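Got your viewer open? Load the model and get ready to click through a few selections with me.

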Amino acid sequence: MGKLREVFNFINTCPLVGYDMYFNFVDETKRDSNTSLITDGYGHLVKRYGEEVKKIQCIIRQTKPFTEQSNTNENVEQQEKVQEFLDWINEQGKQGNFPDFGEGCKVIKLATPDGVIYPMEVGVYNKTTLYSFPFEITYTERM
């Protein structure tokens, strides 16, 4: 399987994803929670000395219900659920739980970029909030 498919399958193992994971797609019109994985392409070269070090940059986007009622906890609770997802990514990296890129490849780091510690709200559409946060997978590949 290709690396991007492996990243998708890995993210799909997160118990916070639910039943509706999408690859490179988010439907902002649905009120239910959707998760999508958006990638920057394929393994940007970081350095080349014997084994190549490459990086895949990804963005997780999640839609969550949004209420316009004041003095309710619903919006805070939804943001906390998205924060749990971001924390899950970083915890997998700390524990060394990585996607399997196959023979000749070794993942060496999985984490959100420096400074990204909380999800960003990128819009509200039809009582749905779209959250977004990046993560990176750094790996070596024998040539």
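We'll go through helices, rings and contacts, one selection at a time. Keep in mind that this is a predicted model.

**Stop 1: helix α1.** Select residues 3-11, which make up helix α1. This helix is mostly covered, with 7 of its 9 residues buried. Colour the buried ones if you like: K3, L4, E6, V7, F8, F10 and I11. Keep F10 highlighted for the next stop; its relative accessibility is 11%, so it counts as buried.

**Stop 2: F10 and W88.** The model has 4 aromatic pairs. Show the side chains of F10 and W88 to see one that is tilted, with 5.5 Å from centre to centre and 35 degrees between the planes. F10 belongs to α1 and W88 to helix α2 (residues 74-95), so this pair ties together parts that lie 78 residues apart in sequence. W88 is buried as well, at a relative accessible area of 13%.

**Stop 3: F85 and F133.** Now add F85 and F133, another tilted pair: 5.9 Å centre to centre, with 55 degrees between the planes. Which parts does this pair tie together? F85 sits in helix α2 and F133 in strand β7 (residues 128-141), so the link joins parts 48 residues apart in sequence. Buried or exposed, these two? Both F85 and F133 are buried. With F10, F85, W88 and F133 all displayed, you're looking at a cluster linked by ring pairs.

**Stop 4: around F85.** Stay on F85 and bring up its contacts. Leaving out residues up to four places away in sequence, F85 touches I11, C14, L16, V17, T35, I60, Q62 and F133.

**Stop 5: the nonpolar core.** Zoom out a little. The largest nonpolar core holds 25 residues, and those with the most contacts inside it are V7, I11, F85, I89, F101 and F135. Select α1, β4 (51-65), α2, β5 (105-111) and β7 to see elements that each supply at least two residues of this core.

**Stop 6: Q92.** Last selection: Q92, back in helix α2. What does Q92 touch, not counting residues up to four places away in sequence? Its contacts on that basis are F10, N97, F98 and L110, so you can pick up F10 from Stop 2 again here. Q92 has a relative accessible area of 11%, and since buried means under 20%, Q92 is buried.

Notes
Residues numbered from 1 in each chain as written. Predicted model: local features only at pLDDT ≥ 70, side-chain atom pairs only at ≥ 80, totals over all residues. Heavy atoms only, no water. Phe/Tyr/Trp six-rings, centres within 6.5 Å; stacked < 30°, edge-to-face > 60°. Helix = DSSP H or I, 4+ residues; strand = E, 2+ residues; numbered from the N terminus. Buried < 20%, exposed > 50% of the residue type's maximum accessible area, 1.4 Å probe, protein only. Contact = heavy atoms within 4.5 Å. Core = buried A, V, L, I, M, F, W, Y, C linked by side-chain atoms within 4.5 Å.
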